[in-house]
Structure formats: structure tokens, C-alpha cells
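Here's a walk through one model, starting with its pocket and moving on to a handful of residues. Have the sequence and the structure open as you read.

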Amino acid sequence: MADTYLTKQGLEKMRAEHALLMKQKTQLTEEVTKAAAHGDLRENAEYHAARERLQHVAKRLAEVDGKLMSVRITDDLELKAGEARIGTTVTLQDDVTKETFDYTLVGPDEADPANGKLSIASPLGQAVLGKKKGEVFTLALPRATVPYKVVNVTR
């Protein structure tokens, strides 16, 4: 299984989700048991609905379990100074509009571009990886190419 890269904050958030899912699983298991006691399961909509919700929760719980077993904390990674890597913050400038953006490069599980967290799996995240201050690169999008300049890289 591939490593799951998270910040310490992201790990706490994932652990909280895991705890919530465990609680939901317990509650839904009880609901399924109660609904099953109502008789004929073929026509028991309550049973089928609870069982379906339980399956969704169990599936997500298995995903979160797998990710928690392979977590690598980005805050603790040793990185080359000045190089855009997971856990660093990059300041990019759109070379056409001259607008600048600050992004912290994170794993896909923490991506939130509106709040400055850019996934390294996104097209822009992949394009900026390994770049250093002053480098210019082009992001090829389906309808355009956008030139960017790396203004700064910090840890």
C-alpha cells in the first residue's frame, strides 16, 4: 500500500473521523439487529436501509484504517532546502496575470485549494514538485497552457 502523507493536523482529523466511523458502525450494527428482529427480511425496508448504511460506513472505515497504517507525517520529513516538496509552502506567480498564490503542498487526503492546501497529485501540484525559487514552468491544461514562476519555497 502506498504511503499516506499527512500533516500532524491532518492525522488528528483522520483519527477523529476513524473514531466517528467506529461509533457509527456500532450504532448501525444495533439498528440492523433490531430491524432483523421485525420478521421477514425480504420486505423489511428498515433492515435493508440500515444494512446499506452499515456497508458504506464499513467501507470508509476500511479505507481510513488502511491510510492510518501507512501514515507518514510531512512535518517530520527531511527535505532539500528551497525545493518544492510535500510539506513545503510555495509562492507561485501566474506569469500572464502576475497574480500570486501561496500553497502548502499536501497529500491528496488533505487537499483544500481554497484554503491554500494543494495536493501533490493535482496537475499543478505535480508540475511544481521539484521546482526551486526563480524557476519558470508551464502547466498544460485541456484548454490552455499557463506559465508560472516559483517566487518562493519555504518549510
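The largest pocket holds about 240 Å³ of space. A pocket here is an open set of points on a 1 Å grid over the protein atoms alone, where a 1.4 Å probe fits and protein lies on both sides within 12 Å along at least five of seven lines; lining residues have an atom within 4 Å of a point. The volume is the space filled by probe spheres set on the points, which are joined across faces, edges and corners. Keep in mind that this is a predicted model: local features need pLDDT of at least 70, side-chain atom pairs count only at pLDDT 80 or more, and totals for chains, interfaces and linings use all residues. Residues are numbered from 1 along each chain as its sequence is written, and side-chain values use heavy atoms, with hydrogens and water left out.

So who lines the largest pocket? There are 13 lining residues, and Gly10, Lys13, Met14, Asp109 and Glu110 lie nearest the centre. Helix H1 (8-36) and helix H2 (45-69) each bring at least two residues to the lining, and H1 gives the most, with five. Helices (H or I, at least four residues) and strands (E, at least two) are DSSP runs, numbered from the N terminus. By type, the lining splits into eight charged residues, three nonpolar and two polar. For that split, Asp, Glu, Lys and Arg count as charged, Ala, Val, Leu, Ile, Met, Phe, Trp, Tyr, Cys and Pro as nonpolar, and the others, Gly among them, as polar.

Glu110 deserves a second look. This residue sits in the loop between S4 and strand S5 (117-119), and at 10% relative accessibility Glu110 counts as buried. The cut-offs (1.4 Å probe, protein chains only) are under 20% relative accessible area for buried, over 50% for exposed, and partly exposed in between. The side chain of Glu110 reaches the backbone nitrogen of Gly10 at 3.5 Å. Setting aside residues up to four places away in sequence, Glu110 touches Tyr5, Leu6, Thr7, Gly10 and Lys117, where contact means heavy atoms within 4.5 Å.

Over in helix H2 you'll find Arg60, which is partly exposed at 24% relative accessibility. What does the side chain of Arg60 make a polar contact with? The partner is the side chain of Glu17, at 2.8 Å. A polar contact is a pair of N or O atoms within 3.5 Å; within protein, one must be able to donate a hydrogen and the other to accept it, and residues adjacent in sequence count only if both atoms are side-chain atoms. Leaving out neighbours within four places in sequence, Arg60 is in contact with Glu17, Leu21 and Lys67. Leu21 is 39 residues away from Arg60 along the chain, yet their C-alpha atoms are separated by 7.9 Å.

Now for the aromatics. Rings of Phe, Tyr and Trp (its six-membered ring) pair if their centres lie within 6.5 Å; planes under 30 degrees apart count as stacked, over 60 as edge-to-face and the rest as tilted. The count comes to two aromatic pairs, set out here.

| Pair | Centre distance | Plane angle | Type |
|---|---|---|---|
| Phe101 and Tyr103 | 6.3 Å | 15° | stacked |
| Phe137 and Tyr148 | 5.7 Å | 25° | stacked |

Phe137 lies in strand S6 (residues 136-140) and Tyr148 in strand S7 (residues 145-154), so their pair ties together parts that are 11 residues apart in sequence. Phe137 is buried at 6% relative accessible area, and Tyr148 is buried too, at 10%. In the other pair, Phe101 is partly exposed at 24%, while Tyr103 counts as buried at 15%.

Two more buried residues round things off. Thr74, in the loop between strand S2 (71-73) and S3, has 3% relative accessibility and counts as buried. Beyond residues up to four places away in sequence, Thr74 touches Tyr5, Leu6, Thr7, Ile86, Gly87 and Arg155. Ser119 belongs to strand S5 and is buried, with a relative accessible area of 9%. The side chain of Ser119 reaches the backbone nitrogen of Ala121 at 2.9 Å. With the same sequence neighbours left out, Ser119 touches Val106, Gly107, Pro108, Ala111 and Gly125.

One backbone oddity to finish: Lys98 has a positive phi of about 65° although it is not a glycine. Look for Lys98 in the loop between strand S3 (89-94) and strand S4 (100-106).
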